Structure formats: C-alpha cells, structure tokens
Amino acid sequence: MSQPSNNSGSGKNLDDLFRESIGKQEFTPSPGVWKSLNLKLLIRELKHFNFINVSKLAFLSTAGSLIVVATLSYWAFFSGNTSTSMVSHSVPEKVMVPPSAKQNISEKVLPEPGDASSKPLARQEIREVKPIQTAIAPARRDQAGGTLIASNARIEKSLPVSEPVSSQPLQNTGETETAETNADISSLDPLVFSTFDISPSLDTISFIRSGEVFKYVREKIPVPSFFSANIGVAPEMALYHSNGTGTTEFNYWANAGIAYHYSRFSIRTGLGLGYTYDEGSYRIQYRSNDSVSFYKEVIGYYPDPSDPSRIIYVTRNHAIYDSVTHIADDRTRNRYTYLQIPLLLGYTVFETPRFCLGIEAGPAISFLINEKKAQADINIPNGRLIKLDDNSASRLPTNWQLWVRLSIEYQFTKHWGLLIDPYYKYFLTSPAQSPETGNRTTQAFGIDVGIQYQFGRKSIKK
Amino acid sequence: MVIDEKIVKDCIAGKRQAQKLLFDTFAPLMLGVCIRYCRDRDEAEDILQEAFIKVFQNIHSFRGEGSLAGWIKRVVVNHAINYINKRNKIARHEKIDEIRETEIIDMNEVIEFPEEYNPALLLKLIQELPSGYRTVFNLHIFEDYGHKEIAEALGISENTSKTQLFKARRWLKNKIEENRLKKNLK
C-alpha cells in the first residue's frame, strides 16, 4: 500500500484531521442486523446441508421421521390400491353346488355389482373329494392383520363341459350357478370347515368344508385417505431447569396445521405463533449513605439531686452515616414471540364414526421472532446507581423440540370436528442460555384445543 | 474481547455462537468503516451484513499471518466497493466523463484546519460527498490505498483517481469553511 500524501502545515492537515477523528470510529449495529444475518446464515446452511448448528439428536430425530414417512409412503402407494384392509360383513354366502363328487371344478368369482375395484379371479383347478353339501360361508380372521374377513360376493361355479352334469336339483340348471345368503355368521360352527387356506391369495380365501370348496372374496374397500386442516389455541406450562433450580412459566400458542391421513396413519405440519415467558434477572449495585451507628453528644450535665456526688449528663443521639455499597437482585418477566413448525407422524389407535383417538410424535423447530424484555425496577432513595448487570438468560434464535401428543377428535359433522390434543414437548436444544447457569433444560406440557375440517375424504370411517 | 484461535476454528466449523462472538467483537468498528462509504446508516448496515456473510464464508482462508481485524476490514472494504460499484455504475461513469486531465493540479496543496471539529460533523461531510469522490477519498485516506490500487479496484485510471481525490478534498475544505463562517456569524 502506498502512503497518502503527507501534507504539512501549522494547523491540522485535512487528511490527518479526518483520519484521526473518524478513522477508528465505532457504531453499535442495530439488534436486527445480527438477527437478519443469522437468518441468512441459516438459510445458506439449509441450502448447503450444513447442519452443524443442529444438535445431533434433533438431526437424527428428523432424519428418522423422514425415513419413517418415506417407508410408510412407499408401503401405502406401492402395495397397490388393492389393499387388504378388510371390513367384516354380516352377509355371508351359502353355496349350492352340484353333486358332482370327485370331479374337477373350475371356479370363477364374479365381482360384486358396482364394486369397480374387484377383479375377476384367475381360473383355478381344485379337486373335490366329497359330495357337495349346502354350506354357509363362515367368517374368519385374516392371519396377517387379524381383521375379520368374509364375503358377500357372488360365487359362480363353472363346470367343464366334458364333466358329467349332476342330476341333483340346483338353484340354476346350467353350467353356472349363483347363490347368496344372509345367514348370521355367529351361528356358524367353525369346526366344520378346514382351518387352512388351500390356495393362498391376496384376493380370496379358499378352504374345504365337508369336501366342498368354498372361496371367499376379500372385499376391496378404498383405504380412507384425506386431508384435514385445523386451527387451535394452546395454553402451555413450561418448566425451565438449570443447575438444580427450576422455574415455571405459562405460555400461549395459536396453531394452524394441515395433515394428510392415510388409513390409520397421518402426517401433520403447520405453523404456531406463541407468546412464551421467562424470568429476567438483574443485579443492581448502588451506593447510599446509610446510618451505620450513632453517638451521643453531651449537651449538658448537672449533679444528681439525690446523690450530689454523681453527675447526670444530658445527651443527644446523632446518627453516623457512611457510604455503603448495596447489591440487590430484581426479577422481571420477559416475553418472547416464537414461530414454530412441527412435523408429526400420527397413528390412530381407536376409531368410531364420531370419535377418534390417536397418538402423534415428531420434531419441531422454533424461531425466535421477537423479544420484549422488562426493564429493572431501580428505586434507590438517597443513593446512586453504580452498576446494573442483566443476568437474564439470553434466548437463542432457534431451538429444536421433540413432541408427543395425544390426539382426541370428536367429529360433529361430516367435515367438522373438535380437536383436543394434550401434548408434551422436550427441548432437544436449549431455548435459552444464561451467563451464570449455562444452557437451560426445558420441558413443556400443554393442551391444544381447536377445530378441524376434513376434506377430500374418499370413504367414511367405520 | 480477545478472539482466539479456537473461536476462529469454531467459525470455520460454522458454529453460530462463535460467529456471533466474532460479529459482536468486530461489527462496531466495521460499521464505522461501512458508514463512511454510504449516505446513511441503513445502507451501511446492509453492507455490513453482507460483508459478514462473506467473512464467515471465507474465514477458512484467514491464515493468521496478519491481524484478524485487518483481514475482516479488507473483506468489508472490498464488499463496500463492490456494492457501490454496482449501485453507482452509471452515475459514477457520468461524473468521471466530466473530468478533464487538465484539471489535475497540485496534489500537495496544504490545507490547514483547526482541531476543534467534532467527529460527527466530519462523518456527515464525508457522507454528503458525491459517491465517486467519497469512495476514492475513503480508500486513500482511511484504507491507505495508492492511486494505482484505487484505479484497479474501481476500474478507473490513476489520473481520474487523483482528480477525484483532489476534488473531494476541495469539496470538504469548502464545506468546512462554510461551516466555520456560519459558526462565526452566529
């Protein structure tokens, strides 16, 4: 670097005047500068996947949630629309079969009229060993899901032309026959039936009863999938804890969210705006002139009238003042405004047409968007302030939490429902840092009460 | 506040607390630098913010050979120059075109001033300088740039840099004289 021209003169040269006056001038930036810078750095980190400022636990929980979501999505969308979710039906069937014992029977199950999702089954060769009987279709449990399975599908039995036709009466005398019944499942004797599925298939259950082959078609019912939007308010109790001491504060949140429900699973996200509170702490050091002692001034004396050998002194008390340094602590209540974004995975545990109970869990991130700190109350009569230290825990710009919540839903119309969700938050990263006590562990309990609107629902909950 | 090697390493690792500590330590001085290049504080804070993003992006290139404050100041000044270049590209070229080489006169002219000028007034005068004058004046007086370096940084000729500096000084001198006269009249 070359040196600037060195002017000389009797007074101050212009270059030196400026250089010395404002060359090292300092200005305190506005608080918003760091906030904005911090946000820009965070956005840049997110773009470049630099998650170093996110605690490992928060990162793992988010990554784990994403893996679960991806797995569920894959399972939901690639297991095909022919889901095996079954619903019990009280319409079992009774089949009349021709008395063509010991012959090959070719079966073909026809789809239920109006059931677009059902598909005709492939032809199957099943060997009969006993004469036909009239039977009533039983109900049974699906081995995989434990769901009650039966069918009200029509069964059509086709007999090959080459086979001899039975002379026994049939409901329909042709190459095919169809039969249906409304008998009660509960009246069936399960011991009459074979206990195994003789031709396992996703679409049907086949078994033998008294030598007769029965085939039950799994009914294809669309898996309930829909979106829901909700708004609500949540009073919350936060427990701050550090170095063996704890404080409790009440916070208030307004939440809005959207969820996608698929079968019993759901994924929920949204935005929450909350006022949270925390204790502020100031240490006030002041000096005042205090009375530390007193002395007695003798203002007169006289002999004791009763005993002249004694002198009685007349005195007056005088206070002794000294400059004394005091230290006082002042507690205040600070308010912080946060914006939070949760990502929750849910599972419905119990469900009726109007009532639904589920559990949701997942990570959430909160951004500090505003803080309002109360000033210390400095009231020093006859004294002067020496030092004021703000020992309040400073709030960090972001924090991560793990949420667990119980989702209680009451559906009062087809679309509208009431939500009551008690929840628990564990803060994976501390929301505040105190110069005296370090990071603060925080937990919170609350209850989110609001309304929910369901839309895009393809089937009604049973 | 002493910024030690560990804090620099933490900044390289992207740890936010270390970045904030670095910002809190150097931002006041750097804002003083930025304010000299701008007309107002808001603009200076914008430059400061963007400059610190560059500082955090490039802090790995700081080898500890000089002072960290000096390195950060260079980043801030370079960013301020780029910012001003982008903003004032057209305006500056127009002004430069007006300057004739014949206007380059004695650069060693002595201009004397009393010492009682307060810093706020001097800063205000710098902020009121035309943008081209202000940038050259700042680079030459406060950053110790030679005319060759100023010419390279701003994409102008050395003579133009000299002219701008001369005019900046003359402009400031006139303003200070005006202020002194006003003060005397009062």
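The expected span of a helix is 1.5 Å times one less than its number of residues. Keep that rule at hand for the first exercise.

A word on the model: it is predicted, so local features need pLDDT of at least 70 and side-chain atom pairs count only at pLDDT 80 or more, while totals for chains, interfaces and linings use all residues. Residues are numbered from 1 along each chain as its sequence is written, chains are lettered from A and ligands numbered from 1 in written order, and side-chain values use heavy atoms, without hydrogens and water.

**Exercise 1. Helix α3 of chain B**

Find how far helix α3 of chain B reaches from its first C-alpha to its last, and what caps its N-terminal end.

Step 1. Helices (H or I, at least four residues) and strands (E, at least two) are DSSP runs, numbered from the N terminus. Helix α3 of chain B covers residues 41–58, which is 18 residues.

Step 2. The helix reaches 25 Å, close to the 26 Å expected at 1.5 Å a residue.

Step 3. Look at the N-terminal end: B:Asp40 caps α3(B), with a side-chain oxygen 3.2 Å from the backbone nitrogen of B:Asp42. For reference, a polar contact is a pair of N or O atoms within 3.5 Å; within protein, one must be able to donate a hydrogen and the other to accept it, and residues adjacent in sequence count only if both atoms are side-chain atoms.

Step 4. Now check burial (buried: under 20% relative accessible area; exposed: over 50%; partly exposed: in between; 1.4 Å probe, protein chains only). Among the buried residues of α3(B) are B:Glu43, B:Ile47, B:Leu48, B:Phe52 and B:Phe56.

**Exercise 2. The nonpolar cores**

Work out which residues touch the most other members of the largest nonpolar core.

Step 1. Such a core is a set of buried Ala, Val, Leu, Ile, Met, Phe, Trp, Tyr and Cys residues joined through side-chain atoms within 4.5 Å.

Step 2. The largest one has 62 residues, and those touching the most other members are A:Phe18, B:Leu22, B:Leu48, B:Phe52, B:Phe56, B:Ile72 and B:Phe137.

Step 3. Helix α2 (residues 16–37) of chain B gives the most to this core, with 11 residues. At least three residues come from each of domain 1 (1–87) and domain 2 (89–186) of chain B, with bounds from an automatic or database domain assignment.

Step 4. Another core, of 6 residues, lies apart from it and includes A:Trp253 and A:Tyr423.

**Exercise 3. Two loop residues of chain A**

Decide whether A:Gln25 and A:Gly23 are buried or exposed, and list what each touches.

Step 1. A:Gln25 is found in the loop between α1 (14–22) and α2 (31–47) of chain A, and A:Gly23 is in the loop between α1 and α2 too.

Step 2. A:Gln25 counts as buried because its relative accessible area is 18%; A:Gly23 is buried at 16%.

Step 3. Contact means heavy atoms within 4.5 Å. Leaving out residues up to four places away in sequence, A:Gln25 touches B:Pro28, B:Leu29, B:Gly32, B:Pro119, B:Ala120 and B:Leu123. On that basis, A:Gly23 touches A:Phe18, B:Arg36 and B:Phe142.

**Exercise 4. The two chains**

Set out how many helices and strands each chain has, and what share of its residues is buried.

Step 1. Chain A has 3 helices and 23 strands, and 39% of its 462 residues count as buried.

Step 2. Chain B has 9 helices and 1 strand, and buried residues make up 50% of its 186 residues.
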